[in-house]
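Work through the exercises below with the sequence and the model in view, and try each task before you read its solution.

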Amino acid sequence: MKKGIIALGLMASTFAAAQDIYKPGEGEGIVYFLPKTALQVNIIATKVTQHPGEFCQYANRYLRLNDVSSQPSVHWEIKQIDVRSIGVPDSTKAYIMKLKDKNVASNVELTENGIVKAINTTAPKEENEGYQLEKPAAHENARKYMTEEILMAGSTAKMAELTAKEIYNIRESKNLITRGQADNMPKDGAAMKLMMSSLDKQEKALMEMFTGTSDREDKVFSFLVTPEENLRDQIAARFSRQLGVLSTDNLAGEPVYVSVSNSAPLPVPTEEGKKKKGNGILYNIPGKGNVTVSYNGKEVFKGELPVTQFGYTETLVDGLFDKKINTRVIFNPNTGGVVKIDKD
């Protein structure tokens, strides 16, 4: 998702000579690329870190919890897989706009990798939607909910026993409030909600002394797939529950497959039609592709996205850029298609 403008070039306000296919070292002018589509596969994976509790060895004895681990552990989970179309320079579509004398200068706006964004105007800033990423939350300090008796206990075993009793007392208090049998019942619903929330917080903090804590942190891993034609089950990345997201050649993970098919074939202009276009600024008319991503036999993404390779190239005729007319054009840098044309 490369953004930003790093090139503002000057060129003639008319393009009567049109642009030629760029050949290094030949001619002077503004060199630009039309883009081709790359599919950016974004894997949002969650790293889960488990920390054992101080009283983990007593979880079964006092709380009848059988599956509590005494060892720290780390594993990964796939939270989401998303695919977006982005534009990358197409080396087969590099052109040069030759400057001409005795013409009013105009602007060509390019992306940082040389893809045309706008002519005689400034393209609007791209707004790319980000992802809501989970970060490790702060854990409550259980010791501030421990009674004096617990803190003064002479051994860890005794502390665990008394902490378990405190957990049972909290649960009993919650049951009495729920039944309306507590000695000091809340005065209204808001007070009851506040009290129950406080008791839940205390119970959770004390329970974590036995069960341990879990930290969850999301990370985004991005991979590019460039479909030159229909794709079926191309490996974009691999995933391992123990190691996380891996490269395609790391066989420690299971493959994440990407498939792309042309969903709306466009009519390709004939040679005769191409000759009638004449000179002018070239741009793309992108096609569309059905994109699916699968992992472990399950489809985890499906969508229709613009794919330039499934379309064709057209021409903005020279007449649009007559020196008597101020024509402004904005292109989509991801597809090379025309977004807007203004003139006055």
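**Exercise 1.** Find the open sheet of 5 strands and work out the order in which its strands lie.

*Solution.* Keep in mind that this is a predicted model. Following the sheet from one side to the other, you meet the strands in the order β9-β8-β10-β11-β12, and their pairing is antiparallel. The two ends of this order are the edge strands, β9 (244-246) and β12 (298-317), each of which pairs on one side only. Neighbouring strands of this sheet are turned against each other by 30° on average, with direction ignored.

**Exercise 2.** Describe how β11 and β12 pair, and find the bridge partner of G289.

*Solution.* Begin with strand β11, residues 280-295, which pairs with β12 in the antiparallel sense over 15 bridges. Then look across from G289 to β12, where its bridge partner is L305.

**Exercise 3.** Decide whether N120 and N296, which have positive phi values, are buried or exposed.

*Solution.* First recall the background: most residues other than glycine have a negative phi. Phi of N120 is nevertheless positive, near 65°, and this residue is found in the loop between β6 (116-119) and α2 (148-151). Its relative accessible area is 16%, and because buried means under 20%, N120 counts as buried. Next, N296 lies in the loop between β11 and β12, and its phi is also positive, near 55°. Here the relative accessibility is 52%, and since exposed means over 50%, N296 counts as exposed.

Methods. Residues are numbered from 1 along each chain as its sequence is written. This is a predicted model: local features need pLDDT of at least 70, side-chain atom pairs count only at pLDDT 80 or more; totals for chains, interfaces and linings use all residues. Side-chain values use heavy atoms; hydrogens and water are left out. Two strands pair if DSSP finds at least two bridges between them. Helices (H or I, at least four residues) and strands (E, at least two) are DSSP runs, numbered from the N terminus. Axes are lines fitted to C-alpha atoms, for helices over the stretch in contact, and angles run from 0 to 180 degrees between N-to-C directions. Buried means under 20% relative accessible area, exposed over 50%, partly exposed in between (1.4 Å probe, protein chains only).
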